[in-house]
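Dear colleague,

Please find the structure below, together with its sequence. I would be grateful if you would look through it before reading my notes.

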Amino acid sequence: MKETLGEDITYFEERDIDHAFQAHRRDAAKNQVKKIFRALKFYTNSDFAFKEVHNKKLFEQNTQVVKEVVELFQGYRLKYTSKQAFLGNLFELLLNSGFKQSEGQFFTPIPIARFIVRCLPLRERIRKAQEEGRQRIIPRVMDYACGSAHFLTEIVEEIQEDLSALGLPQGDSTTWTRDHVWGIEKDYRLARTAKIAMFLHGAGDANILHEDGLDHANPALPKMGEVDVLVANPPYSVKDFKQHLRLAPQQVAQFRLLPSLTSNSSEIETLFVERAAQLLRIGGLAGLILPSSILSNAGIYQRTRALILEKFLVRGIVELGGSAFIATGTNTVILFLERRDDIHLEHFTCRADALYNDEKTPNDNDFADSDLLRAYTEAADLPLNAYRDWLAADDGEPPAELEQTDLFRTYAQDFEALATTKTRRNQAGFGKLSRDAREAEMRGKLQRHIREAEREKFIYFALAYVEALDTGEIVPQRTTVLRGAGNNKDEQAFLGYKWSNRRGAEGMVHLREPYDGGALYSTDRDTRDDGPDKAAHHLRRAFLSIEPEELPDDSALKGKLGVAATPAYLDFTRNTFTLAFNLSSSDNEPAGPLYATKYKLVPLGNITDILNGGTPSSKIKEYWDGGIPWATLVDVKQREVFSTARTISQTGLENSNAQILPKNTVLLSSRATIGEVAIARIALATNQGFKNLICDKTILLPEFLYEILLLQRASLKTLAGGMNYGEISKAKIAQFPIPLPPLKVQQHIVEEIEQVEAEEMKARETADQAREAIDAIVRQVYESNTPRRTIESLSGMVQYGLSKAMNEDGIGYKIFRMNEVIGGRMVDNGAMKYIDIDADEFATYRLDKGDVLFNRTNGSIDQVGKTGLFDLGGEYCCASYLIRIVPGPDIESRLLVALMNSSHFLNEIRKQAVRSAGQNNINATKMKNMDIPVPSLPNQRSLLDEIGEHERHRAAAEALIAAAPERKRKILLDGIK
């Protein structure tokens, strides 16, 4: 028992009695025997007591039972180092018959436990650790309220399969669990049950401890911050639990939520959430079952939500109704979380202090403040420019446009209702002030009140909005939500099981035999990868930051699964900010036009036929590859669709909601990526991710509709409430208004736009040909025997740019950023930012003609390594994510740029990029150590003469391409205004 459960036990043998009389006087021996007698009487249970024993006859009867039980099991082996299915089945039978009436609420149903485990990217994490050569490749796993160990048995089996699939030697046995698996259970009977479960599932080396999951004093447990995976169904709604906590003072100090709980509080689950944040390492994964009140209730739950946003990325939320568990009618949710770096909270708090109190101007060089402010004001429904002016105002006064918003008017009303405001207004000293002085004081207090409220909202918006951050870049956070079914019958169908109370058949009943995982996961252990019709597939992709995938037409997830930017589930438009999660997509009214027009606005439903698409079952081979074009998002990246990547058969068409659409139908994506538009130039079908618009040709040209829908893409996205799977309904599309000029006006607009597109297409061809010609010239140099030298040896200086606050007010000196590296040159496009530094510092960073700027970092690897030549007049410097190279006398600047922008150089340098916090980075050391061919100076000039003509063609073409979108937009707006 000591080895199995880590418990001290009371046990004596005959030799302990003998020892009591050895070398003892009579009284001492007597006292020692009494001590043994008391310990046996008070501190022990009868071992193997199948019936109560009070006399010799009952003892002999019990002995016979023990003998028969031993004989029953003596031919079987019970401890293995790998899973044996028959022992697992035996345990479940014993568990159901022995505990189901009194302790069923402790047990997470196996389908739910398996689903949570299947959502975690365990194999991907193990493979990555293996590829990176880490010393420890198996994740440390814990369940701090393990009950009967369903989570642990499932995750051990999953990891064991992963180890075997990856060809790792640890896959041959489960002895690795000794150093990688911990279960904690406060109930002694369940702790013993969990240990038996691990034995019978072939993982007897795992650590099962009889402890309180909120305590962490046992040295057998891993240290705080060292757990890789935490899966648990912790207790909740335990009345008066705080009175029974037995935590050491240092343990109490670890919980910031504990002081907010009274002695009569029942919300013990909030402390388990906080403990999860303490246990997990940065990047660690969690799957926690919690009451749904955690998402919306006020008080301690609001503080817990704040902690969740501070400490975790919310990868997924799954609603479970009352049918998921037996012995409880409580609605629950599964939170899928990933531990984020604490520096995120520190960073955004620092930025909020700077924006709302100190600097009051965005710093886009280091922190991408403008991107955050733009996103925040959109979420809060506030005017961006007025908001920025308010932040920067010396007197703190908001512009009239901002002050008249619903939010700021509500702030003013709430301020007047504050007890402190009323008290101050009633003070005699306040009444003696002049009217202007009273108004000035109250006005100042109001603005401080608003700034503090907005500052806090901004911090939590940023935490919800950002997954990763780096210099000048943001990787947005998204959350996958799986909504619960509306009634028990639908939920049971979704889960694939139900609960029976029928006498003799109590417990879980599978709706289909063998159990098929419902819509949760695939039970086919050979394939392992759940398809898009299973929820686990989408939750695992959420952890891996993979783009949302389209759902099959016949999927049970349809209408339940949503993927959105995390702030879409929070309401930032209110003054009372509770951090409550609303898992429903918002039901916005159709957005109005983004333009002024003299023509009548007509709902699309009045001038088009709107048809849905559909997807045949992916399980039936005969439905596919039948020659009928079938469009998905991958087919609508261009203006016109002439072919599709996949086709369906006539049988597939007839057995789905797909339908043949006529040529010139306008295809509008209404889910996943909202607002993609294309014109079908062939008859085709689409999947269900489109609303397909067949124009009334007598009044509407499809080409004109295409341009209008492109113009209105932002408004279209609002119809989906920010939900990628919150599909825009046919009714909303039908109500969406567009201007309807006469056909002749439409035709004129279309023809002008098509002329620009023809020029754009020709320019792209010219630019591609020029790039290929330059690359061919450079490739010949690389493939020759030309001597090579490192960039460092060719450079007079290599220098990082400036990392300081920028402004758009023209104060200071112009500063180049990565987006101004265009076509191999640094381009001043008239929208450059400025940096306010003194003349001495600027002199250190001032760019000179012939300097070369190298882009060292970006979220997209394709942008890393872009190099531009600075050949402008005037005073310029560059930002810190650009590296300045001052070429020496042995290399022509233009040739250095051509060599560094060549496919040969870029392929090599990008192999050395390091990905961190969502960014690809190449430091100056790696860049300087790259070697390049260096012809003699006369040969360099000959090469540049050859390259120069191609560069001029490319620059002119790229300038035309860059101007095309605004030209087309202007043609459309001028045509309808």
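The notes below cover confidence, one sheet and one helix.

This is a predicted model, in which local features need pLDDT of at least 70, side-chain atom pairs count only at pLDDT 80 or more, and totals for chains, interfaces and linings use all residues. Residues are numbered from 1 along each chain as its sequence is written, and side-chain values use heavy atoms, with hydrogens and water left out.

The protein chain has an average pLDDT (the predictor's confidence in each residue, from 0 to 100) of 84, and 85% of the residues score at least 70. Over residues 585-594 the pLDDT falls below 50, although this stretch has 24 contacts (heavy atoms within 4.5 Å) beyond near neighbours in sequence. Where pLDDT is low, the predicted coordinates should not be read in detail.

Five strands (DSSP runs of E, at least two residues, numbered from the N terminus) form an open sheet in the order 15-22-19-20-17, with mixed pairing (at least two DSSP bridges between two strands). Strands 15 (608-612) and 17 (640-641) are at the edges with a single partner strand each, so one side of each has no neighbour in the sheet. Strands 19 (residues 666-669) and 20 (residues 677-680) run antiparallel, joined by 3 bridges; L667 stands opposite A678 in strand 20.

In helix 7 (residues 122-131; helices are DSSP runs of H or I, at least four residues), the buried residues (under 20% relative accessible area, 1.4 Å probe, protein chains only) are L122, R123, I126 and A129. These residues pack against helix 6 (110-119), helix 8 (150-165) and strand 4 (227-232). G133, with a positive phi near 70°, follows helix 7.

Yours sincerely

Notes
Buried < 20%, exposed > 50% of the residue type's maximum accessible area, 1.4 Å probe, protein only.
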